[in-house]
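Here's a protein to explore together. Have a look at the sequence and the 3D view, and keep both handy while you read.

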Amino acid sequence: SPMMSLTPMEIWTLRAGTRAAKGHTIVAGLGLGHQLMDVANKKSVTKVTLVEKSKDLVDWIMPQLYDVRLGKPFLPKNKSIEVVVGDAYEEIPKMEADVALMDIFPGYGGNREDCEGLMRKAKGVKRWWIWGSQSMGGSLWD
């Protein structure tokens with residue numbers, strides 16, 4: 001089964017998280033870059049920190065998101081986008097952010113317990129959106 005896709009349903013499930021992004025936003029899970037692009041291009045977002053476990057995925061996708069051969073780049077050049085290669089469960093507790101968007105799960109649902117443990121450890125994150133939790137669009141927890 002695919003680890004990531006850009007089907008309309010997949011994109012739709014990211015909308016609630018993207019809408020919640022503001023200030024300094026952590027995007028955990030690069031996927032094919034769709035949520036990162038949408039979040040980075042929001043005016044209400046001042047900084048983005050991407051946390052991705054796979055260095056190979058980062059090395060493959062990130063240069064394409066800045067590529068101008070298709071017109072303008074998918075990521076803005078004027079916004080700070082920090083890339084942290086590592087496990088979100090280890091890296092996010094070290095960070096401070098206004099919002100963390102979590103999309104690091106192999107399937108939809110069944111991730112609430114793991115995320116609640118992470119939220120207890122990551123005191124520097126104000127709000128959370130967790131892909132696949134509770135409602136079709138994810139959930140925000142304060």
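What follows is a quick walk through the fold, the confidence, the cores, one buried threonine and one helix.

First things first: this is a predicted model. The protein has 142 residues, and 46% of them count as buried. Its secondary structure adds up to five helices and six strands. Starting at the N terminus, the elements go α-β-α-β-α-β-α-β-α-β-β. Among contacts between residues at least 6 apart in sequence, 62% link residues at least 24 apart. As for the outside, the protein exposes about 7,800 Å², with carbon and sulfur atoms supplying 55% of that.

How far can you trust it? The mean pLDDT is 80, and 75% of the residues reach 70 or more. Here are the two extremes:

| Strand | Residues | Mean pLDDT |
|---|---|---|
| S2, highest confidence | 45–52 | 96 |
| S6, lowest confidence | 139–141 | 52 |

Over residues 135–139, pLDDT stays under 50. Where pLDDT is low, don't read the predicted coordinates in detail.

Now for the inside. The largest nonpolar core has 22 residues, and Leu30, Leu36, Val48, Met62 and Leu75 are the ones that touch the most other members. Helix H2 (34–40), S2, helix H3 (55–65) and strand S4 (97–102) each chip in at least two residues. H3 gives the largest share, five residues. There's also a second, separate core of 17 residues, including Met102, Leu118, Ala122 and Val125. Back in the largest core, Val48 has plenty of company: leaving out residues up to four places away in sequence, the residues it touches include Leu36, Val39, Ala40 and Ile81.

Is Thr49 buried or exposed? Thr49 is buried, because its relative accessible area is 1%, and under 20% counts as buried. You'll find Thr49 in strand S2. Its side chain makes a polar contact of 2.7 Å with the side chain of His24. Beyond four places in sequence, Thr49 also has Thr25, Ile26, Val27, Glu82, Val84 and Met95 among its contacts.

Last stop: helix H5, residues 112–121. Which of its residues are buried? They are Cys115, Leu118 and Met119. Looking down the axis of H5, these buried residues fall within an arc of 100 degrees, so they line one face of the helix. An α-helix has 3.6 residues a turn, so residues three or four places apart point the same way. On the face of H5 turned away from the buried side sit the exposed residues Glu113 and Arg120.

Methods:
Residues numbered from 1 in each chain as written. Heavy atoms only, no water. Buried < 20%, exposed > 50% of the residue type's maximum accessible area, 1.4 Å probe, protein only. Helix = DSSP H or I, 4+ residues; strand = E, 2+ residues; numbered from the N terminus. Arc of directions from axis to C-beta. pLDDT = per-residue confidence, 0-100. Contact = heavy atoms within 4.5 Å. Polar contact = N/O pair within 3.5 Å; in protein donor to acceptor, adjacent residues only side chain to side chain. Core = buried A, V, L, I, M, F, W, Y, C linked by side-chain atoms within 4.5 Å. Areas by Shrake-Rupley, 256 points an atom, 1.4 Å probe, with all protein chains shown as cover.
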